[in-house]
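Thank you all for coming; I would like to use this slot to walk through one structure, region by region. Please have the sequence and the model open while I talk.

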Amino acid sequence: MELMPSAHIDTFPRDHLPPAAQWPELRFDLPGAPDLRYPGRLNCAERLLDATADRLGPRRPAVLDGTGGVWSYGLLKERVDRIAHTLTEDLGVVPGNRVLLRGPTTPWLAACWLAVLKAGAVAVTVLAAQRPHELATVCRIARVRHALCDARSADDLNAADIPDLRIALYGGNAPDDLLRLSANKPASYGAVDTSADDVALIAFTSGTTGHPKGCVHFHRDVLAIADTFSAHILRPRPDDVFAGSPPLGFTYGLGGLLVFPLHAGASTVLTDWSGPERLLADVQQHRVSVLFTAPTAYRAMLGALGPYDVSSLRRCVSAGEHLPADLWHAWRHATGLRLINGIGATEMLHVFISAADDRVRPGTTGLPVPGYEARVVGADGADVPDGRPGLLAVRGPTGCRYLADERQRVYVRDGWNLTGDTYVREPDGYFRFVARADDMIVSAGYNIAGPEVEEALLRHPDVLEAAVVGRPDERRGQIVVAHVVLREGVPPTAQTVAELREFTKKEIVPYKCPREIVFLPALPRTPTGKLQRFRLRSGALQFPRD
């Protein structure tokens, strides 16, 4: 497709988009779906912040810091605009420059993100937990030369020793701290007149394969996720209070904790994730009504609900990994709420299959979000019959555009995004997750989906977490190996192994049962909570086995 003239002076992001022939087909006006055709000139930060403040009033609460501090939309806009002035006048940032954003989830990190976009630069938000070599890789791929970093998170960024990187710290005591510099700047900033298809952010995959990719998203993409999943599935209200565990460096968190509440004129609690009890305390203290987190966290919160008042909740979203049906029912029984399941991808920016309210069907992900289409295809790209597993293919207003990466050819085929997930489309149109495509285990000619075995193990009362992978075997091709985290006090003995094997044989057909069970103190996860199965498959974790 032909792009609008860019406002970027630094043209690296657009220059390193995939060739047009390798792009997915983008759809903005599907029948029966919202009209997602945006004006040619568009700055999404201005639309999210300035337009919302104008529409609903600047005194409306926008951001809660978790300790009692409240930023109104007017105050947030003022602070964002002062930072934008500092970026352009003191730090030398020009439109198109990539700006690394690093720090725990706070209102100031959100303000920095909005300021970078208003200044016409490109936000590259990374996780506070990422290590020096990971930060160096991100900066090398995206050619980052500017960074805004929480003073508490500076050590690893300094240790990365990134050539020519100019680091501005915020939240510290230094005379040149970003917040001190910005305090004396004008309280109003005219947003750069970016094109709707100028690059707004580069989101790096969370590394479940160990090889990060930079996913490029435009200003219109940021609004599109709010006008699809948020508007039609989540359906937020201006009086909602959002909260959750995913960080802003994870696109699930960026949408759920910043883009969606600002687009709706709601407020959001921006504090760093520190366990289920803290999240439940935030729900109680701030009367949170919309919650974003992952299945692992919902399972952990179930065991800690007792002393907390969660009656303010009305929407609970689960994504980031597969949501087992038994967990959905347990949460409904404990809270009366129907979890909104969803699948998204960094490549797609946010959720594209989901369902809410009466359309929820436990055990399935849901239906294509209005604005998206989905199919299940075989290796040849042709549709497979309903009820049979295949590869999930999706298209809509957002899609995969890797930054200078040959893997673009793998993710996008014939205009469709292939997410790497194995799904079944039911005859009534619902999509059911089977496994990640590389998690299918072929043992003695049988296809075995790891998540199905995991769900069986998780139904045992002594199992806290489970992850199943295939291990090469001369006779069977692969064998099923289960990695299990036991509840506290349960001994990791041969007897426990035998009990778990017998239990799973009663839950699923025997050929699917694990031939080996490995006990771990914790499963390997990314900082965003995604399971790193590649570490289990590679044998990189060395723990005693029974």
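Let me begin with a convention: two strands are said to pair if DSSP finds at least two bridges between them. With that in mind, strand S12 and strand S13, which covers residues 340–344, are joined by two bridges and run parallel. Within that pairing, Ser318 is found opposite Asn341 in S13.

Before going further, I should say that this is a predicted model. Its mean pLDDT is 93, with 97% of the residues at 70 or more. The stretch to treat with caution is residues 542–546, where the pLDDT is below 50, although in the model this stretch still has 13 contacts beyond near neighbours in sequence.

Coming back to S12, its other partner to discuss is strand S11, residues 290–293, and these two strands pair in the parallel sense over four bridges. If you look for the bridge partner of Leu291, you will find Cys316 in S12. As a reminder, the strands of a sheet pair through backbone hydrogen bonds, and they may do so in either a parallel or an antiparallel sense.

Which way do the residues of S12 point? Arg315 and Val317 point one way from the strand, while Cys316 and Ser318 point the other way, and all of them are buried. In a regular strand, the side chains alternate in this manner between the two faces of the sheet.

Now to the connections. S11, helix H11 and S12 form a right-handed β-α-β unit, and S12, helix H12 and S13 form a right-handed β-α-β unit as well.

In the loop that leads from H11 to S12 we meet Ala304, which is buried, with a relative accessible area of 11%. Leaving out residues up to four places away in sequence, Ala304 touches Glu277 and Leu280. Gly244 lies 60 residues from Ala304 along the chain, and the C-alpha atoms of the two are separated by 16 Å.

Turning to helix H12 itself, residues 325–335, which of its residues are buried? They are Leu327, Trp328 and Trp331, and because these three cover an arc of only 105° around the axis, they lie on the same side of H12. What covers them includes helix H11, residues 295–302, and strand S12, residues 315–318, so that the helix and the strand just described come back into the picture here. Just after H12, Gly336 takes a positive phi of about 80°.

That brings me to two residues where a positive phi is more noteworthy, given that most residues other than glycine have a negative phi. Leu349, in the loop between S13 and strand S14, residues 351–354, has a phi near 85°, and Leu349 is buried, with a relative accessible area of 2%. Asp357, which is not a glycine either, has a positive phi of about 60°; this residue sits in the loop between S14 and strand S15, residues 367–368, and, with a relative accessible area of 28%, Asp357 is partly exposed.

Let me move to a separate region, the open sheet of three strands, whose order is S23-S24-S25 and whose pairing is mixed. Strand S23, residues 463–473, and strand S25, residues 516–519, stand at the edges with a single partner strand each, so one side of each is left without a neighbour in the sheet. From one strand to the next, the twist averages 25°. S23 runs antiparallel to strand S24, residues 477–486, and ten bridges join the two; in this pairing Val469 stands opposite Val481 in S24.

Helix H14 lies across S23 and S24, and runs at about 145° to S23. How many of the nine residues of H14 are buried? Eight of them are, so to speak of this helix, residues 450–458, as mostly covered is fair; among the buried residues are Pro451, Val453, Leu457 and Leu458, and also Glu454 and Glu455.

Finally, a lysine. Lys185 has its place in the loop between helix H7, residues 178–183, and strand S7, residues 199–204. Is Lys185 buried or exposed? Its relative accessible area is 15%, and since buried means under 20%, Lys185 counts as buried. Setting aside neighbours within four places in sequence, Lys185 is in contact with Arg82, His85, Thr86, Glu89 and Asp90.

Note on methods
Residues are numbered from 1 along each chain as its sequence is written. Side-chain values use heavy atoms; hydrogens and water are left out. Buried means under 20% relative accessible area, exposed over 50%, partly exposed in between (1.4 Å probe, protein chains only). The arc is that of the directions from the helix axis to the C-beta atoms. Contact means heavy atoms within 4.5 Å. pLDDT is the predictor's confidence in each residue, from 0 to 100. A crossover is right-handed if, with the strands pointing away from the viewer, the path from the first strand over the helix to the second runs clockwise. Axes are lines fitted to C-alpha atoms, for helices over the stretch in contact, and angles run from 0 to 180 degrees between N-to-C directions.
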